[in-house]
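Dear colleague,

Please find below the structure that I am handing over to you. I would be grateful if you could keep it open while you read the notes that come after it.

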Amino acid sequence: MFSFNEFGNKLYTGKLSFPFVTKRRLWFIIAIALVVASALVPLLRPIQFSIEFTGGSQFTVQAPQSTDQALATEAVRSVVDDAATKVVVVGGQDVRVQTDQMTAGETQDVTAALAEAYGVQADEVTNSFIGPAWGENVTRQSLWGLVIFLALTFLILAIYFRTWKMSAAAILGLLDVLVITVGVYGLAGFEISPAAVIGFLTILAYSLYDTTVVFDKIRENTTEDGDQTTRTFGESVNLAVNQTLVRSINTSIVAALPVGAILFIGAFWLGAETLTDISLSIFVGIIVATYSTLFVAAPLYSLFREKEPAIAERDAKVLEARQRSTVDA
């Protein structure tokens, strides 16, 4: 009978080992393919940005007699013929309409047209306006937040692990997480909103936590390796990843379950669409972050270090001694 504890013990002692490092060329090819596919998503399905980024006018019809979205489009275009509209039902009872930027007069006329179309009073149609300058500021601040996060991450990891190569591997792993998560997010047809950006930064922090735990074990294994070690540097890295594999799986499951509940039950089933943006980005990001730590960041670090003269010399001695013992046997 399968025992998860026994499975974990075999991984920790090295009796059972998954080839995270030895098969890294395959994992890198898969990672590159996923990144390229994610980068091509906007060509197939342009990524939509919320009104907070693009600017525009927003109308909310409260408790209308009907939630037919076509009524909103017709009402808006009866005032502005070429207006681009996006209509969604919020909470299963309200209708939210987003349009291009409108003048004060057009806003008043659209409000009246929506009230008439949905059979409600004019004061039950609220409207708001977001200017282009505000949207540009949100975009700029979001990008600065990402740049500062990555820069601080690189610096802190370099200081903590005392090598820039761990920082480089971790940052490349974070970029892998970000690109794939945004690609999946765009493929699902969801808008990138400020809530989604918060979700992206959250999963980068989660990925960083997972990577740091694995790298700490890698440092422990490789530091303890002396001249009498029977493992190469890559084998020590691979052992560390296997030793933390169960922890990574458990952490991911525990983190993904509540977020998945919010996403699938709260957002999709109960219609709490305000939670969809952040919950989708975090849910996808948790899964991708775990994959990236195991199959991208750790093997990359091993690749970066194996060519160092001291490590290469020690690995050669290990392999030579292993070959000699095999011949003698």
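The notes below go through the sheet, one buried residue and the nonpolar cores.

Please bear in mind that this is a predicted model.

The sheet and its helices

I began with the sheet, which is open and has four strands in the order β2-β3-β1-β4. The pairing between these strands is antiparallel. At the edges stand β2, residues 85–90, and β4, residues 125–130, each of which pairs on one side only. On average, neighbouring strands of the sheet are turned by 15° against each other, direction ignored.

The pair formed by β2 and β3 may be a useful place to start looking. Strand β3 covers residues 94–99, and six bridges join β2 to β3. Within this pair, K86 stands opposite Q98 of β3.

Two helices accompany the sheet. Helix α4, residues 69–77, lies across β2 and β3 and runs at about 145° to β2. Helix α5, residues 104–118, packs on the sheet, where it touches β1 (56–61), β3 and β4. The direction of α5 makes about 30° with that of β1.

A buried asparagine

Next, I looked at N238, which is placed in helix α9, residues 233–243. Is N238 buried or exposed? Its relative accessible area is 7%, and buried means under 20%, so N238 counts as buried. The side chain of N238 reaches the backbone nitrogen of F20 at 2.8 Å and the backbone nitrogen of V21 at 2.9 Å. Apart from neighbours within four places in sequence, N238 is in contact with S17, F18, P19, F20, V21 and T22.

The nonpolar cores

Which residues touch the most other members of the largest nonpolar core? They are F215, I218 and V241, in a core of 58 residues. Several helices each supply at least two residues of this core, among them α1 (4–13), α2 (24–44), α8 (194–224) and α9. The largest share, 14 residues, comes from α11, a helix that spans residues 276–306.

I218 shows how such a member is surrounded. Leaving aside neighbours within four places in sequence, I218 is in contact with M166, V237, A240, V241, A298 and Y301.

There is also a second, separate core of 18 residues, which includes V61, A72, V95 and Y118. In terms of the sheet region described above, V61 lies in the range of β1 and Y118 in that of α5.

Yours sincerely,

A colleague

How values were computed
Residues numbered from 1 in each chain as written. Predicted model: local features only at pLDDT ≥ 70, side-chain atom pairs only at ≥ 80, totals over all residues. Heavy atoms only, no water. Pairing = 2+ DSSP bridges. Axes fitted to C-alpha atoms, helices over the stretch in contact; angles between N-to-C directions. Contact = heavy atoms within 4.5 Å. Buried < 20%, exposed > 50% of the residue type's maximum accessible area, 1.4 Å probe, protein only. Polar contact = N/O pair within 3.5 Å; in protein donor to acceptor, adjacent residues only side chain to side chain. Core = buried A, V, L, I, M, F, W, Y, C linked by side-chain atoms within 4.5 Å.
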